[in-house]
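Subject: Structure for you to look at

Hello,

Here is the structure I promised to hand over. Please open it first, then read my notes below.

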Amino acid sequence: MSPTALRVAILGAGGTIAPAIVRDLAESDEVAGLLLLDIDEARAQHVASLCGGPKARAALADARASADAPTSLIRALEGCDVLVNSASYRVNLDAMTACLKAGCHYLDLGGLYWMTGRQLELGPRFEGEGLLALLGIGSAPGKTNLMALRAARELADPIDAMHVSAAGRDLDPPSTFSVPYALQTLLDELTMRPVVLRDGSPEEIDPLTAGGVVEFGEPIGAAETIHTLHSELLTFGDSFGCRAASFRLSLSPDLLSRLRELTAAPEAEIQRIAGEAAPPSGKTVSVHVVEASGGGRSVRVRALTEPNDAWGLGGGIASTAAPAAAAVRLLARGRIEARGAVPPERCIEPGEMFAELERHGCTFEITTREEVRA
């Protein structure tokens with residue numbers, strides 16, 4: 001099927017991840033135009049000028065504004081085919097509702113488990129309108145969901161366990177405080193009770209519970225992890241039938257120590273620090289590992305995203321942005337046929353996504369082994 005050039009809106013266009021999505025889509029034949037939306041129109045305009053080329057224009061929009069407000073997201077989406085929501089997960093439901101009313105598809109970068117559950121409830125409405133709501137198509141969730149699907153295909157049923165680990169490092173960190181993505185989202189991940197699957201049932205555990213050492217491979221190596229709240233755990237049980245699952249995160253020791261200090265800070269202080277935080281350097285790397293077991297075998301899928309020197313982007317940002325942009329292209333080509341609210345593992349072919357990401361500095365390794373039984 002020949003691709004249809006889509007008119008794409010990007011919410012949160014002035015944020016950390018959006019400029020990379022804009023740059024990617026601006027160079028995609030599958031995109032006819034880009035509408036960059038933000039509550040700070042000047043920031044959106046700056047990104048449009050810097051990254052969007054002639055396809056991009058900027059506008060003021062607020063996902064939480066009333067439908068008849070001049071800044072209403074519903075009004076802004078008129079004539080758009082798909083919205084890529086790269087704003088805070090807190091506005092996911094508002095953005096989805098706007099898409100339903102505007103009649104356009106929806107993609108986001110994740111809902112931090114509980115929000116994703118509420119988003120899935122909108123599935124019948126999206127399906128009824130013939131629309132797709134693709135929930136969580138960044139690096140994690142997103143790429144990790146498809147790595148899990150690839151691992152599952154290597155195993156005989158039933159799948160016993162599916163464990164996801166993520167690590168990022170800045171190889172040339174700024175001299176001042178810097179975070180890999182939105183500070184408030186990071187703090188939410190560290191302070192909200194993580195959910196794991198045990199014996200097939202979700203179970204909440206204490207925040208910052210140690211996850212043990214994970215071997216991430218070069219350039220990060222073996223690193224300590226903590227359990228954090230992630231939306232993969234909401235869908236993996238139904239998607240794969242696994243009895244056990246977890247998500248573990250590894251941050252640099254200095255960053256984790258600083259974030260621990262900020263967990264008790266007042267909201268105003270967090271907002272001030274977020275506004276002053278330096279952006280990550282262009283030398284960040286991101287590693288994701290999915291380890292699955294079942295039927296007497298185990299599979300390990302590893303993804304490494306290195307800096308995109310041509311675009312001056314670190315691997316951390318590219319790792320999150322590239323899957324969202326790739327999903328837009330796959331949708332335009334008719335390669336995502338599902339409608340309703342769905343996670344990536346239920347609507348995207350892993351090989352097609354991996355091929356897209358490999359062109360953006362991501363490499364995949366898949367290893368299998370037979371488990372030794374006593």
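Start with one pair of residues: L36 stands opposite A58 in strand β3. Keep in mind that this is a predicted model.

Now zoom out to the two strands. β2 covers residues 31–38 and β3 covers residues 56–60. They run parallel, and 5 bridges join them. How does the chain get from β2 to β3? It crosses through α2, and this β-α-β crossover is right-handed.

β2 also pairs with β1, residues 6–11. These two strands run parallel as well, with 6 bridges between them. Here L11 stands opposite L37 in β2.

Next, the whole sheet. It is open, has 7 strands and follows the order β3-β2-β1-β4-β5-β6-β15. The pairing is parallel. Which strands sit at the edges? They are β3 and β15 (340–342), and each pairs on one side only. From one strand to the next, the twist averages 20 degrees.

A helix lies across part of this sheet. α4 (residues 92–102) lies across β1, β4, β5, β6 and β15. It runs at about 160 degrees to β5.

Last, a helix pair. The axes of α1 (residues 18–26) and α2 (residues 41–52) come within 9 Å. They cross at roughly 45 degrees. The two helices are therefore oblique to each other, as the angle falls between 35 and 65 degrees. The crossing is right-handed. On the α1 side, P19, V22, R23 and A26 make the contact; on the α2 side, V47, C51 and G52 do. By class, that contact has 5 nonpolar, 1 polar and 1 charged residues.

Best wishes

Notes:
Residues are numbered from 1 along each chain as its sequence is written. This is a predicted model: local features need pLDDT of at least 70, side-chain atom pairs count only at pLDDT 80 or more; totals for chains, interfaces and linings use all residues. Side-chain values use heavy atoms; hydrogens and water are left out. Axes are lines fitted to C-alpha atoms, for helices over the stretch in contact, and angles run from 0 to 180 degrees between N-to-C directions. Helices (H or I, at least four residues) and strands (E, at least two) are DSSP runs, numbered from the N terminus. Angles under 35 degrees count as roughly parallel, over 145 as roughly antiparallel, 65 to 115 as roughly perpendicular and the rest as oblique. A crossing is left-handed if the near helix is turned anticlockwise from the far one by less than a right angle, and right-handed if clockwise. Contact means heavy atoms within 4.5 Å. Ala, Val, Leu, Ile, Met, Phe, Trp, Tyr, Cys and Pro count as nonpolar, Asp, Glu, Lys and Arg as charged, and the others, Gly among them, as polar. Two strands pair if DSSP finds at least two bridges between them. A crossover is right-handed if, with the strands pointing away from the viewer, the path from the first strand over the helix to the second runs clockwise.
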